[in-house]
Amino acid sequence: MSDLHAVPETPEINALHARLAQYSLGGHWQKRQTNPNLVPHLWPWSVIYSCLMESGEVVKLGGVDDAAKRRTVQLVNPALTDKKATSRTLQMSIQLVKPGERAECHRHTMAALRFVVEGDGAGYTNVEGEEMLMEPGDLVLTPNWTWHDHYNAGNKNLVWLDVLDAHLTRHLDAGFQENYGEGPAQPIVKRDGYCRQQYGAIRPRAAHVTSAGVPYVYKWKDTLNALNEVAAASEPDPHDGVLLEYTHPLTGGPTMPTIGCWVQMIPPGESTKPHRHTSSTIYHVVQGEGLTSVGKSKTSPTELEWRAHDCFFVPSWNWHKFANKSKKEPAIIFSVTDRPVLESLGLFREEK
Ligand SMILES: [Fe+2]
């Protein structure tokens, strides 16, 4: 509400305001604090990575009750430093598990996912007893209230993007958390690949199918095949290039109720047209280099220049478009969005 529309201050109005405040009431005509505008931002991988490696030297991975129960470097929107949040709904952080280290078992109502950046394929996340091996580019889902622990059985560092709907869950006062009571890890009772047998396109008949997330791993080789095949067979989307959604394996709907995962390919030398929507998106460049222009207005955007593994944020209702700077190599970008939340509440809006 702007000052132009403020109710003129008179002794009677001031007396009313004092009386309202005394009883925890307010007048619709009174000013309120507005949310800060979130800003587009890019976090270069070189900086993230060096801070993460430094944390590997000085922060010992603790048990589930310790402050350092997970060793992650968090992406913080410059407008949300007090909340230490990437966006109003989602948190993206980068996690390091060194060879032989274990991040102990717990579960929480926050839904989470991991997108693997570095590792030799011997590390895993155990979700509800399933050993989910983590190779670079794999996407591992840890839905709401599923037990999970991580172990690096390999010889190389295991580095992944951690994404949680933490800020949405907290805003709704719906956060619950529990530690696994029987030691640092749950037993492995399902081999790697179990989720694709159970929930893949050809599967045992499933009872009680809901939109609740299911533990699942989307392997990078399948993602890359899909991107290449769709790119070869159809025209790219004018706003996003070749854009694919990681769908819920049982319903075909969003990846999880609160977090949507997407991957897109911008062909060599191509650029896209601007659009804007009410969902906000956090991106991670898998390969390539290019430019994303983001802004409240189309005429004076912030230019986010990215290369492999950089992360960047596009706030709600900001125009944005992509350009691949390479004339030879496609650019591939993984992203996470709160779009499923806005869609399910009837609040998703898009302008092209
Ligand atoms: Fe967790």
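The following questions and answers introduce a predicted model of a protein chain with an iron ion.

Q: How many helices and strands does the secondary structure of the protein chain come to?
A: Helices and strands together make up the secondary structure described here. For the protein chain, the count comes to six helices and 22 strands.

Q: What radius of gyration does the protein chain have, and why does it agree with that of a compact globule?
A: The C-alpha atoms fill a box of roughly 75 × 55 × 50 Å along the principal axes. For 352 residues, a compact globule would have a radius of gyration near 20 Å. The chain agrees with this expectation because its own radius of gyration is 22 Å.

Q: What share of the contacts with a separation of 6 or more comes from residues 24 or more positions apart?
A: Contact here means heavy atoms within 4.5 Å. Among the contacts in the protein chain with a separation of 6 or more, residues 24 or more positions apart account for 75%.

Q: What percentage of the residues of the protein chain count as buried?
A: A residue is buried when its relative accessible area is under 20%. The chain as a whole exposes about 17800 Å², of which carbon and sulfur atoms supply 52%. Of its 352 residues, the share that counts as buried is 48%.

Q: Which residues are the protein donors of the iron ion?
A: The donor residues are spaced H-x1-H-x39-H in sequence. Each donates through its NE2 atom, and these atoms lie 2.1 to 2.2 Å from the iron ion. The donors are His 106, His 108 and His 148.

Q: Which strands hold His 108 and His 148, which link distant parts of the chain?
A: His 108 and His 148 are both donors of the iron ion. They are 40 residues apart in sequence. His 108 lies in strand β4 (residues 102–108), and His 148 lies in strand β9 (residues 148–151).

Q: Is His 148 buried or exposed?
A: The relevant limit for a buried residue is under 20% relative accessible area. His 108, with 5%, is buried. His 148 has 1% relative accessibility, so His 148 counts as buried.

Q: How far apart in sequence are the parts that Glu 178 and Arg 107 tie together?
A: Glu 178 forms a salt bridge with Arg 107, with the closest N and O atoms 2.7 Å apart. Because Glu 178 lies in strand β11 (residues 177–179) and Arg 107 in strand β4, the pair ties together parts that are separated in sequence by 71 residues.

Q: Which residue forms a salt bridge with Arg 191?
A: The closest N and O atoms of this pair are 2.9 Å apart. Arg 191 lies in the loop between β11 and α4 (194–199), and its partner lies in strand β7 (residues 130–133), so the pair ties together parts 60 residues apart in sequence. Arg 191 counts as exposed at 56% relative accessibility, whereas the partner is buried at 13%. That partner is Glu 131.

Q: Which residue meets Glu 351 in a salt bridge?
A: The N to O distance of this salt bridge is 2.8 Å. Glu 351 lies in strand β22 (residues 350–351) and the other residue in strand β15 (residues 276–277), so the pair ties together parts 75 residues apart in sequence. The residue that meets Glu 351 is Arg 276.

Q: What accessible area do Val 7, Leu 16 and Trp 29 have together?
A: Val 7 lies in the segment before α1 (11–22) and counts as partly exposed at 30% relative accessibility. With Leu 16 and Trp 29, Val 7 forms a nonpolar patch on the surface, and their accessible area together is about 220 Å².

How values were computed
Residues are numbered from 1 along each chain as its sequence is written. This is a predicted model: local features need pLDDT of at least 70, side-chain atom pairs count only at pLDDT 80 or more; totals for chains, interfaces and linings use all residues. Side-chain values use heavy atoms; hydrogens and water are left out. Patches are made of residues with over 30% relative accessible area and no salt bridge: like charges are joined within 9 Å, nonpolar side chains (Val, Leu, Ile, Met, Phe, Trp, Tyr) within 5 Å. Accessible areas come from the Shrake-Rupley method with a 1.4 Å probe; for residues, only the protein chains shown count as cover. A salt bridge is a side-chain nitrogen of Lys or Arg within 4 Å of a carboxyl oxygen of Asp or Glu. Helices (H or I, at least four residues) and strands (E, at least two) are DSSP runs, numbered from the N terminus. Buried means under 20% relative accessible area, exposed over 50%, partly exposed in between (1.4 Å probe, protein chains only). The radius of gyration is taken over C-alpha atoms; the globule rule is 2.2 Å times the number of residues to the power 0.38. Donors are N, O and S atoms within 2.8 Å of the metal (3.2 Å for Na, K and Ca); water is not among the atoms, so sites may look incomplete.
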